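This report is intended for a reader meeting the structure for the first time. Please view the sequence and the model together before reading on.

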Amino acid sequence: MLEAGGPAVTPAAPRAGYRYLLPGPGTYLIAEAGLRLDLEPLPGGAGAVRLPAGQWEAFFDMDELSFPLLARNFLAGDRFQPLGVGGSQKLKKYFIDHKVPRNDRDRCPLLVSGQRIIWIAGHRTSEVAKLTPRTRRVLRAAI
């Protein structure tokens, strides 16, 4: 499209939103992101706090989660509480600060418990449902 007196303008493609209810442990395909999400229960105990989370793997206290979990994409106004940081942060600001390309923001799966984001898959976990010495049941989430 050509605007009078201005550069060519192409309308933005509408965002394709997605939402997957995850009733419990299992393997789920998130087609829009081209990823498989595995949720696996593990025993807790004193060693649970030292489980080696990585970019594509996160661990949560199962007793602090509200099932069904939800895997969905980023929505305007989303906030989360990064692990180890006091307070919450807008997800848009997190993506900008960490130079996540706009196309990747729409595809990036968010794992949500209740109304709280617990994991920005491939990026960062939340303070919500973190492992503690009292954790008895662990949920391993892996992409």
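The sections below move from the whole chain to its strands and then to individual residues.

## Overall architecture

The structure is a predicted model. Its protein chain contains 2 helices and 11 strands. Along the sequence these elements appear in the pattern β-β-β-β-β-β-β-α-α-β-β-β-β.

The chain has 143 residues, of which 38% count as buried. About 8400 Å² of the protein chain is exposed, and carbon and sulfur atoms supply 55% of that area. Among contacts between residues at least 6 apart in sequence, 68% join residues at least 24 apart.

## The five-stranded sheet

One open sheet consists of 5 strands in the order E1-E5-E8-E9-E10, with antiparallel pairing. Strand E1 (19-22) and E10 stand at the edges with a single partner strand each, so one side of each has no neighbour in the sheet.

Within this sheet, strand E8 (residues 110-113) and strand E9 (residues 116-120) run antiparallel and are joined by 4 bridges. Leucine 110 has isoleucine 120 in E9 as its bridge partner.

## The hairpin and its further partner

Strand E2 (residues 26-30) pairs with strand E3 (residues 35-43) in the antiparallel sense over 5 bridges. Threonine 27 stands opposite aspartate 38 in E3. The two strands, E2 and E3, form a hairpin with 4 residues between them. In the turn, glycine 34 has a positive phi of about 65 degrees.

E3 is also joined to E11 by 6 bridges, and these two strands run antiparallel. Aspartate 38 takes part here as well, with alanine 142 as its bridge partner in E11.

## Two buried serines

Serine 113 lies in strand E8. Why is serine 113 classed as buried? Its relative accessible area is 1%, and residues count as buried under 20%. A polar atom of the serine 113 side chain lies 2.8 Å from the backbone nitrogen of serine 66. Leaving aside neighbours within four places in sequence, serine 113 is in contact with Glu64, Leu65, Ser66, Leu69 and Ile118.

Serine 126 is placed in the loop between strand E10 (124-125) and strand E11 (137-142). With a relative accessible area of 2%, serine 126 is likewise buried. Its side chain reaches the backbone nitrogen of valine 128 at 3.0 Å. Beyond its neighbours within four places in sequence, serine 126 is in contact with Gln81, Pro82, Leu83, Ile117 and Ile118. Ile118 thus appears among the contacts of serine 113 and among those of serine 126.

## A partly exposed glutamine

Where is glutamine 55 placed? This residue is in the loop between E3 and strand E4 (57-61). At 47% relative accessibility, glutamine 55 counts as partly exposed.

Not counting residues up to four places away in sequence, glutamine 55 touches Trp119, Gly122 and His123. A polar atom of the glutamine 55 side chain lies 3.2 Å from the backbone oxygen of glycine 122. The C-alpha atoms of glutamine 55 and isoleucine 120 are separated by 9.7 Å, although the two residues are 65 residues apart along the chain. Isoleucine 120 is the residue in E9 that is the bridge partner of leucine 110.

Conventions
Residues numbered from 1 in each chain as written. Predicted model: local features only at pLDDT ≥ 70, side-chain atom pairs only at ≥ 80, totals over all residues. Heavy atoms only, no water. Buried < 20%, exposed > 50% of the residue type's maximum accessible area, 1.4 Å probe, protein only. Polar contact = N/O pair within 3.5 Å; in protein donor to acceptor, adjacent residues only side chain to side chain. Contact = heavy atoms within 4.5 Å. Areas by Shrake-Rupley, 256 points an atom, 1.4 Å probe, with all protein chains shown as cover. Pairing = 2+ DSSP bridges.
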